[in-house]
Amino acid sequence: MTSLLNFFLIDDSAFDLFIYEKLLKKSGITDSVKTFNSARDALKFLLGEGPALPETVILLDLQMPDMNGFEFIDEFDHLPDFLKSRIRIFMLSSTIDTRDIEKAKASPHIIDLLPKPLEIAFLKKKLSL
């Protein structure tokens with residue numbers, strides 16, 4: 001049996017957090033979803049977890065106030081390598097801005113830019129499940 005994945009959802013929309021958490025749990029790929037409505041809070045949590053953090057998939061919204069998805073990635077780059085090695089990041093966005101798309105593709109920390117609304121079947125394919 002495949003082990004369940006650990007997920008972090010980072011999005012300023014309480015509605016999206018609620019829906020995506022329910023979809024992920026119902027999909028059977030996880031029973032562990034931690035939600036953050038602030039990218040800064042997520043970074044603080046990651047630093048606090050340190051070596052105790054299990055392998056984690058982060059679904060990161062691009063457009064957020066205070067700290068957007070790319071700003072999160074800039075700060076993520078400064079985290080210790082042992083921590084970064086346990087994390088896979090997918091950026092979520094409904095953007096059609098080619099600059100955002102190219103920037104996401106160019107980042108070594110972003111596996112892929114997934115369209116909003118999130119489709120679980122598409123995510124499973126990207127995770128090779």
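Q: Contact means heavy atoms within 4.5 Å; with that in hand, which residues does Ile58 touch, not counting residues up to four places away in sequence?

A: The model is a predicted one, and in it Ile58 touches Phe8, Ile10, Leu46 and Phe72, together with Ile87, Arg88, Ile89 and Phe90, once residues up to four places away in sequence are left out. Ile58 is also one of the residues that touch the most other members of the largest nonpolar core, a group that further includes Ile10, Leu46, Leu60, Phe72 and Ile89.

Q: Which elements give two or more residues to this core?

A: Strands S1 (6-10), S3 (56-61) and S4 (87-93) each do so, and so do helices H2 (39-49) and H3 (69-76). The core they build has 24 residues, and apart from it lies another core, of 17 residues, with Leu17, Leu24, Leu92 and Leu127 among them.

Q: How should I place these elements along the chain, and in what order do they run from the N terminus on?

A: The chain has six helices and five strands, and read from the N terminus on, they run β-α-β-α-β-α-α-β-α-β-α. The radius of gyration is 14 Å, close to the 14 Å that the globule rule gives for 129 residues, so the chain is as compact as a globular protein of that length. Its C-alpha trace spans about 40 × 35 × 25 Å along the principal axes, and 43% of the 129 residues count as buried. Among contacts between residues at least 6 apart in sequence, 68% join residues at least 24 apart.

Q: Is Asn6 buried or exposed?

A: The cut-off to keep in mind is that buried means under 20% relative accessible area; at 11% relative accessibility, Asn6 therefore counts as buried. Asn6 lies in strand S1, and its side chain makes a polar contact of 2.5 Å with the side chain of Ser32, while a second polar contact, of 2.7 Å, joins it to the side chain of Thr56. Leaving out residues up to four places away in sequence, Asn6 touches Thr30, Ser32, Pro54, Glu55, Thr56 and Val57.

Q: Which residues of helix H1 are buried, and which are exposed on the other side?

A: Asp16, Leu17, Tyr20, Leu24 and Ser27 are the buried ones in H1. They cover an arc of only 105 degrees around the axis, which means that they sit on the same side of H1; Ala14, Phe15 and Lys26 are exposed on the other side. The buried residues of H1 pack against S1, S2 (32-36), S3, S4 and helix H6 (120-126). Helix H1, residues 14-27, reaches 20 Å from its first C-alpha to its last, close to the 20 Å expected at 1.5 Å a residue, and it is followed by Gly28, whose phi is positive, near 85 degrees.

Q: Where do the buried residues of H3 fall, seen down its axis?

A: The buried residues of H3 are Gly69, Phe70, Phe72, Ile73 and Phe76. Because they fall within an arc of 155 degrees when H3 is seen down its axis, they line one face of the helix. At the start of H3, moreover, a side-chain oxygen of Asn68 reaches to within 2.9 Å of the backbone nitrogen of Phe70.

How values were computed. Residues are numbered from 1 along each chain as its sequence is written. This is a predicted model: local features need pLDDT of at least 70, side-chain atom pairs count only at pLDDT 80 or more; totals for chains, interfaces and linings use all residues. Side-chain values use heavy atoms; hydrogens and water are left out. A nonpolar core is a set of buried Ala, Val, Leu, Ile, Met, Phe, Trp, Tyr and Cys residues joined through side-chain atoms within 4.5 Å. Buried means under 20% relative accessible area, exposed over 50%, partly exposed in between (1.4 Å probe, protein chains only). Helices (H or I, at least four residues) and strands (E, at least two) are DSSP runs, numbered from the N terminus. Contact means heavy atoms within 4.5 Å. A polar contact is a pair of N or O atoms within 3.5 Å; within protein, one must be able to donate a hydrogen and the other to accept it, and residues adjacent in sequence count only if both atoms are side-chain atoms. The expected span of a helix is 1.5 Å times one less than its number of residues. The arc is that of the directions from the helix axis to the C-beta atoms. The radius of gyration is taken over C-alpha atoms; the globule rule is 2.2 Å times the number of residues to the power 0.38.
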